Amino acid sequence: MSGKYLVTGGAGYVGSVVAQHLLEAGHQVVVLDNLTTGFREGVPAGATFIEGDIRDAAKWLDASFDGVLHFAAFSQVGESVVKPEKYWDNNVVGSMALLGAMREAGVRRLVFSSTAATYGEPEQVPIVETAPTKPTNPYGASKLAVDHMITGEAAAHGLAAVSLRYFNVAGAYGAYGERHDPESHLVPLVLQVAQGKRDAISVFGEDYPTPDGTCVRDYIHVADLAEAHLLAVAAATPGEHLICNLGNGEGFSVRQVIETVRQVTGHPIPEVLAPRRGGDPATLVASAATAREKLGWNPSRADLAGIVADAWEFTQNISKEQ
Ligand SMILES: NC(=O)c1ccc[n+]([C@@H]2O[C@H](COP(=O)([O-])OP(=O)(O)OC[C@H]3O[C@@H](n4cnc5c(N)ncnc54)[C@H](O)[C@@H]3O)[C@@H](O)[C@H]2O)c1
C-alpha cells in the first residue's frame, strides 16, 4: 500500500538512495534537509523538498504523513571527539524535537538510522543486537541515546519503530552516491586515489589480529540497505522498538578493499603505512540474522567488486558534472 513519508536527511548519501527506492515503490516522499552536509541535487526528482532543520519539524509534520525515515545527523567520528556538543545538539536535541513533532501530529511510524558505533569494541563477532553497547566516541553515544529515546517513545506512546544499525555502507544507486566532505570512509577515499585526487591511501596499522594484519569491516551495498528500510517501514509494530543490525555478515580487510579497487579501476593505488588509530577495533562484522528473520531482508549485492564498481561509476559521473 502506498503512503506518504517524511525523509529527514534525504539530500545526503543514504537518505537520497532510500528516498529514490520509496518513490520507485510508489510512495509519496517529502525530504526535509538543511543541506549542512547534503546536496540539493541529491534529492530525487519526484520528491518534494523542504530546506529546513529537524529541530523545526513541527512546522511541516501533520497527520497526512504515514511515517518518518530519519537519516539527518552528523556522522564524523573524529569530529565528534573534538566537538561533542555539536553531536549532542544535532543528533540528540534534533531527534527529540522530531519525536515531539511526530507525537504532536499523530505520526506513529519511524525508521531510524542507528549505527555499529553504538557497540564500541565488540567482545564477540559477528555482533548481535544483544551485545553490550559501549560506544567509544560521542557520535556513537549520541546515536545510542536516540535509540534509548525511541525505546521509551514506543513503550509510553505507542510509536511503531525500527532502528537499523548500519555497518560500513558503500556503493551507489544510479545518480545517488557518497560524497562526504571531508570524506572518512575507505571505499570513496581509495577511489579518490584512483581518480588522482589523492596521492596514496593510508593504511592505519598492519599488526592487528586479522588474516593480513589490517582492520576487517563489513561492507553493505547502499541499495541492499535501502531495501531493508522499506521492509522496516512495513514491519514496524505499534508499541515496539525493533533494533536490527545491517551488514553482510562477512568481513573484508583494508588491504582486500584496496586490492579490489585496483582490480575494478585498473589504477595501481599506492599505499602509505601509518600508525594505528586509537579506538579502531580489529574486526567489526554484523550478524544480520535479526534483519533476515524479522524483516525478511535478503541482501543480494554482497560482492565487494560489485559494490566498488557501482561507487566507481558514480564517482566518475559526479566528477564529469563538476
Ligand atoms: N554512511 C555510513 O556508512 C553510515 C553508517 C552508519 C550509520 N549512518 C547513519 O546514516 C545516516 C545518513 O548517513 P549519510 O552517510 O547519508 O550522511 P550524510 O551526511 O550524507 O547525510 C545526512 C543528511 O542529513 C542532513 N542534516 C544533518 N543535520 C540536519 C538537520 N539538523 N536538519 C535537517 N537536515 C540535516 C545533511 O544535510 C545531510 O543531507 C546518518 O544518521 C548516519 O549517522 C551512516
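**Aromatic pairs.** I went through this predicted model for ring pairs and found that the structure holds two of them. For Tyr 87 and Tyr 139 I noted ring centres 6.5 Å apart and planes at 80°, so I entered this pair as edge-to-face, the cut-off being over 60 degrees. I then looked up where the two rings sit: Tyr 87 belongs to helix α3 (residues 84-105) and Tyr 139 to helix α4, so the pair ties together parts that are 52 residues apart in sequence. I checked the burial of both and found Tyr 87 buried, as is Tyr 139. Phe 74 joins Tyr 87 and Tyr 139 in one aromatic cluster.

**Charges over rings.** I found Arg 179 over the face of Phe 39, at 4.0 Å from the ring centre, and I also recorded the charged end of Arg 276 over the ring of Tyr 208, 3.9 Å from its centre.

**Ligand.** I returned to Tyr 139, since a polar atom of its side chain lies 2.6 Å from an oxygen atom of the ligand. For Lys 143 I noted a polar side-chain atom 2.6 Å from a ligand oxygen, while an N or O atom in the side chain of Asp 53 is 3.2 Å from a nitrogen atom of the ligand. The protein covers 97% of the 820 Å² of accessible area that the ligand has on its own.

**Shell.** I listed 30 residues around the ligand, of which Asp 33, Thr 37, Asn 90, Tyr 139 and Lys 143 come nearest. By class I entered twelve nonpolar, 14 polar and four charged residues. I saw that α1 (13-24), β5 (109-115) and α4 (138-157) each supply at least two residues of this shell, with the largest share, three residues, coming from β5.

Definitions and conventions. Residues are numbered from 1 along each chain as its sequence is written. This is a predicted model: local features need pLDDT of at least 70, side-chain atom pairs count only at pLDDT 80 or more; totals for chains, interfaces and linings use all residues. Side-chain values use heavy atoms; hydrogens and water are left out. A residue is near a molecule or strand if one of its heavy atoms lies within 4 Å of it. A polar contact is a pair of N or O atoms within 3.5 Å; within protein, one must be able to donate a hydrogen and the other to accept it, and residues adjacent in sequence count only if both atoms are side-chain atoms. Accessible areas come from the Shrake-Rupley method with a 1.4 Å probe; for residues, only the protein chains shown count as cover. Helices (H or I, at least four residues) and strands (E, at least two) are DSSP runs, numbered from the N terminus. Ala, Val, Leu, Ile, Met, Phe, Trp, Tyr, Cys and Pro count as nonpolar, Asp, Glu, Lys and Arg as charged, and the others, Gly among them, as polar. Rings of Phe, Tyr and Trp (its six-membered ring) pair if their centres lie within 6.5 Å; planes under 30 degrees apart count as stacked, over 60 as edge-to-face and the rest as tilted. Buried means under 20% relative accessible area, exposed over 50%, partly exposed in between (1.4 Å probe, protein chains only). A charge sits over a ring if NZ of Lys or CZ of Arg is within 6 Å of the ring centre and within 35 degrees of the ring normal.
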